[in-house]
Amino acid sequence: MTRNEIEAEARRTEGATTPRGRILVVEDEPALRELVARAMRAEGYEAEGATTGREAIEALAGRLFDVVLLDMRLPDGNGVEILRRIKERDAGVEVVILTGFPDVTNAVEALKLGAYDYLSKPVDLAALTRLVAQILERSRLREEVRSLRSRLGERLAAREFVAASPALLAVKAVLVAVAPTSSTVLIEGETGTGKEVVAAAVHRLSPRRESPFLPINCGAIPSELLESELFGHVRGAFSGASSDTLGLFRAAEGGTVFLDEVTELAPSLQVKLLRVLQERQVRPVGSTRSFPIDCRLVAATNQSLEEAVRNGQLRSDLYYRLNVVRVVLPPLRERREDIPALVAHFLRELNNRFGRRVRGVSAEAMEHLLSYPFPGNVRELEHLLERALALGATEEIGIDDLPDLRPRRLGGAESPLERAERETILEVLRRTGGDKDAAARELGISRRTLYRRLHEIGVEGAG
Ligand SMILES: Nc1ncnc2c1ncn2[C@@H]1O[C@H](COP(=O)(O)OP(=O)(O)OP(=O)(O)O)[C@@H](O)[C@H]1O
Ligand SMILES: [Mg+2]
């Protein structure tokens, strides 16, 4: 056994009896950092140190800590700013601020950003240890409640919306701003980019949160059925209609209706929906009466609405009604900064669900994830991690726990330069919608060269 293996084994056996916790000590003063880290280890926790904000953020990439002890004044920036970035990276980690300069404004700011507590220096080690124990106990209880709930089959309708990239932070700001209004929100994005999460967040952040959130997939239900699903029907309206039904719009009274894949609505239903939105009332199938509705509409589509209007799939008057507040979710490959934060989020959830304590993904695996184009977007990332845990990853998700995602050149690993080139080529191809002639022009290379590179990259269909 190597020393590392012995240590790992010791940690494993020790872990069975001692309370476990992973602590990151962010402090530029080496003596203090060591002192605090040693105090944490003496409690049976794993402790690691970071000297700067940047080191702290790097330490958090793809790895889960339970508690971060964060010095307020670091050589490379203000603690409040670093706290904000830590929380973006991993909303689940608890942060305790340590400072030599008690400053009320900063303290308030830090607590608002989700810091757990604020301790002033000189650090009282006994108080700090008590606080950390309390945090760990509280997280343990919270996890227990959560896993009980998920075992009871409760669907987490209120799933957290993770955002770390500028693009998604902007989306989040829009959500926070529009949620309290009753404006119609239209969400556009490829499959798996989080349209339903966003729709649920709009509902959850709105005053309507106590009323129902009712999603319906317009593409999955035949239009005859869909009409009565949406607007209800009266008894005898058609064979099989044995009693009156409310329909989604009335059932969602006070809440939110989420029309998924709205461009799939049949033309006749588009007309009816338009009228409902204009008059704010519905007429059930077979009824002569109309009923007022009070619900917010959120709609989603995975194709461009303009495109749908242009090719006659979507009525333009409905388009204008729906296109009030527009939220565009870029594909994951265009916002890779979200990947570490999503990994942390999903790992916390999966650890909970599987009863594991996977500590993160290896640097190599993270690099792999960061360079993969994710055609299935966030859902695909979630499934990759779930698969890794299901196949038995217990400590850390390594490269071998991930399926071989990367198209590789025959005869060896890709160099960073080759990777940059491949990414550029694929990026341009996406932009040109797969038009190789246009891509070659944009890249300033000949068609022949492009075809050869595509072949080397292993892109299918390259001639
Ligand atoms: N920003 C995010 N934060 C947390 N989880 C996310 C985020 N975006 C997506 N997810 C997760 O990824 C999965 C796919 O998201 P969602 O179902 O909302 O995608 P979608 O855009 O509606 O996809 P589709 O077009 O296929 O219906 C879900 O499990 C969701 O919880
Ligand atoms: Mg969806």
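Angles under 35 degrees between two axes count as roughly parallel, those over 145 as roughly antiparallel, those from 65 to 115 as roughly perpendicular, and the rest as oblique. In this predicted model, that scheme can be applied to helix α14, which spans residues 338–354, and α16, whose axes come within 10 Å and cross at roughly 45 degrees. The two helices α14 and α16 are therefore oblique to each other, and the crossing in which α14 passes α16 is right-handed. On the side of α14, the contact is made by Ile339, Leu342, Val343, Phe346, Leu347, Leu350 and Phe354, while α16 contributes Val378, Leu381, Glu382, Leu385, Glu386 and Leu389. Sorted by character, the residues of this contact between α14 and α16 comprise eleven nonpolar and two charged, with no polar ones.

From α16 the reader can turn to ligand 1, since α16 (377–390) and α8 (195–204) each supply at least two residues of the shell around ligand 1. Of the 18 residues around this ligand, those that come nearest are Val162, Gly194, Lys195, Glu196 and Val378. The shell around ligand 1 is made up of five nonpolar, seven polar and six charged residues, and it draws at least three residues from domain 2 (166–329) and at least three from domain 3 (336–401).

Two details of the backbone remain to be pointed out. Lysine 121 and proline 122 are joined by a cis peptide bond, with omega about 0 degrees, and proline 122 lies in the loop between β7 (117–120) and α6 (125–151). Arginine 280, placed in the loop between α11 (267–279) and β11 (281–282), has a phi near 55 degrees, a positive value in a residue other than glycine.

How values were computed:
Residues numbered from 1 in each chain as written. Chains lettered and ligands numbered in written order. Predicted model: local features only at pLDDT ≥ 70, side-chain atom pairs only at ≥ 80, totals over all residues. Near = placed C-beta within 6 Å. Helix = DSSP H or I, 4+ residues; strand = E, 2+ residues; numbered from the N terminus. Nonpolar A, V, L, I, M, F, W, Y, C, P; charged D, E, K, R; others polar. Domains from an automatic or database assignment. Axes fitted to C-alpha atoms, helices over the stretch in contact; angles between N-to-C directions. Left-handed = near helix turned anticlockwise from the far one by under 90°. Contact = placed C-beta atoms within 7 Å.
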